[in-house]
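These notebook entries record what I looked up in one model. I began with the ligand and then turned to the protein surface.

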Amino acid sequence: LNTLDVSSLLGKCSVHQISYKRKLPLLASNKENVFITDQNVFSLVKGLIPQERTVILEAGERNKTLNGIKKIYSKFLQLGVDRSWTAIGLGGGVVSDLTGFTASTYMRGIDFILVPTTLLSQTDASIGGKNGVNFDRHKNIIGTFAQPKSILLDFNFLHTLSQEEILCGAAEIIKHALIASPALFCKIEKMWHRLLSLDKKIVKRVVFESIQIKSSIVKKDAKEKNERRKLNFGHTLGHALEMTEGLSHGRAVGTGMAFATKMSEKKGMLTKKESSRIIDFLQKINLNHPVSSPWHSIFRTVRKDKKKEREDLHFVFLKSIGKTEVQKISFNQLKEYIYDLCKS
Ligand SMILES: NC(=O)c1ccc[n+]([C@@H]2O[C@H](COP(=O)([O-])OP(=O)(O)OC[C@H]3O[C@@H](n4cnc5c(N)ncnc54)[C@H](O)[C@@H]3O)[C@@H](O)[C@H]2O)c1
């Protein structure tokens, strides 16, 4: 199996496994394709795509802003990009978010294709049609829903990633397993060494299963009115810890998942046995980080979380491995939980 259908209400889209060394020159030969990438990824594909038709951005989350978008719009205008063109985003989640946002707003929308190059973007960020940029320290607060025409995967890209980046991708895969698939969780528990050392067979199996989980959730609720909220498992605290502890996204989400697991146990929704199984595993693979910031600064950051609705927020609890329940909780309740976490 080399293709997956990930269409949703947002549009038709499929994922194809490709060889980037063969596919990129083909895409480059079409004069109405414009590439968007970052410096690091550009150095990996030099010679395969034309520099004059490529927007090369600085790498990193701090460039996922309206300023980054402005640079892309300017280059598009300079090249004379119009609605007959296709934008091709080549990079990690930052590039896929920037590409989706620019392509869906420039001239009220042009086609785009994503070529994700990190484990996190292959398994998560490129899938589902959400495109966001950060603004004024609020993460993903400005964005669009728009589906790429296709997503092209080559696992060979993963070999130049650091262990930290691989772990970040693994965190999102574990999240998909915890919210929807006990079988995938068992597989990762048994084979995490092989996943992190990029064993070809395991990476393909796990990434494809993970994409299928995300896509089936997005098919039911493309615009995050209910079902899709479960994809935020571990992210409420995770986003805050990225800011307060300066943790990488994956480690922050891992710690956020451990926190949500403990909260689920405390509320009597999850058994102690399953809760310990999850937390021990996150600990073992170094995804559950000790929290050192004071509880009130974490709480203040969570308060800014964009998912808040007046005095409540939607929080994703686990009922068992593979089953979630999204509940509205008050900020006061959350404050107590964060206080407990920091004191324990
Ligand atoms: N839109 C969504 O649904 C969604 C979902 C999850 C995450 N995200 C977003 O994704 C972003 C995180 O994605 P990410 O972890 O891919 O970050 P990233 O795009 O910043 O990439 C991480 C680093 O790896 C480098 N890199 C990329 N590919 C490489 C390769 N093959 N070899 C070596 N280095 C490479 C990049 O230059 C960067 O320095 C966040 O902004 C997050 O908000 C979006």
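The entries below cover the ligand shell, the polar contacts and a surface patch.

**Entry 1: the model.** I note at the outset that the model is predicted.

**Entry 2: the shell.** I looked up which residues surround the ligand and found 24 of them. The closest are Asp 38, Glu 61, Thr 117, Thr 118 and Thr 160. I then sorted the shell by residue class: nine residues are charged, eight are nonpolar and seven are polar.

**Entry 3: polar contacts.** I checked the ligand for side-chain partners. For Asp 38, I found a polar side-chain atom 2.7 Å from an oxygen atom of the ligand. Thr 117 also places a polar side-chain atom 2.7 Å from the ligand, here from a nitrogen atom. In the side chain of Lys 139, an N or O atom is 2.9 Å from an oxygen atom of the ligand.

**Entry 4: cover.** I looked up the accessible area of the ligand on its own, which is 860 Å², and the protein covers 88% of that area. I next asked which elements give two or more residues to the shell. They are helix H2 (39-45), helix H4 (93-105), helix H5 (119-125) and strand E8 (138-145).

**Entry 5: surface patch.** I turned to the surface and recorded a nonpolar patch of about 250 Å², made by Leu 66, Phe 135 and Ile 141. Ile 141 lies in strand E8, an element that also contributes to the shell around the ligand. Is Ile 141 buried or exposed? I class Ile 141 as partly exposed, because its relative accessible area is 38% and that class runs between 20% and 50%.

Notes
Residues are numbered from 1 along each chain as its sequence is written. This is a predicted model: local features need pLDDT of at least 70, side-chain atom pairs count only at pLDDT 80 or more; totals for chains, interfaces and linings use all residues. Side-chain values use heavy atoms; hydrogens and water are left out. A residue is near a molecule or strand if one of its heavy atoms lies within 4 Å of it. A polar contact is a pair of N or O atoms within 3.5 Å; within protein, one must be able to donate a hydrogen and the other to accept it, and residues adjacent in sequence count only if both atoms are side-chain atoms. Accessible areas come from the Shrake-Rupley method with a 1.4 Å probe; for residues, only the protein chains shown count as cover. Helices (H or I, at least four residues) and strands (E, at least two) are DSSP runs, numbered from the N terminus. Ala, Val, Leu, Ile, Met, Phe, Trp, Tyr, Cys and Pro count as nonpolar, Asp, Glu, Lys and Arg as charged, and the others, Gly among them, as polar. Patches are made of residues with over 30% relative accessible area and no salt bridge: like charges are joined within 9 Å, nonpolar side chains (Val, Leu, Ile, Met, Phe, Trp, Tyr) within 5 Å. A salt bridge is a side-chain nitrogen of Lys or Arg within 4 Å of a carboxyl oxygen of Asp or Glu. Buried means under 20% relative accessible area, exposed over 50%, partly exposed in between (1.4 Å probe, protein chains only).
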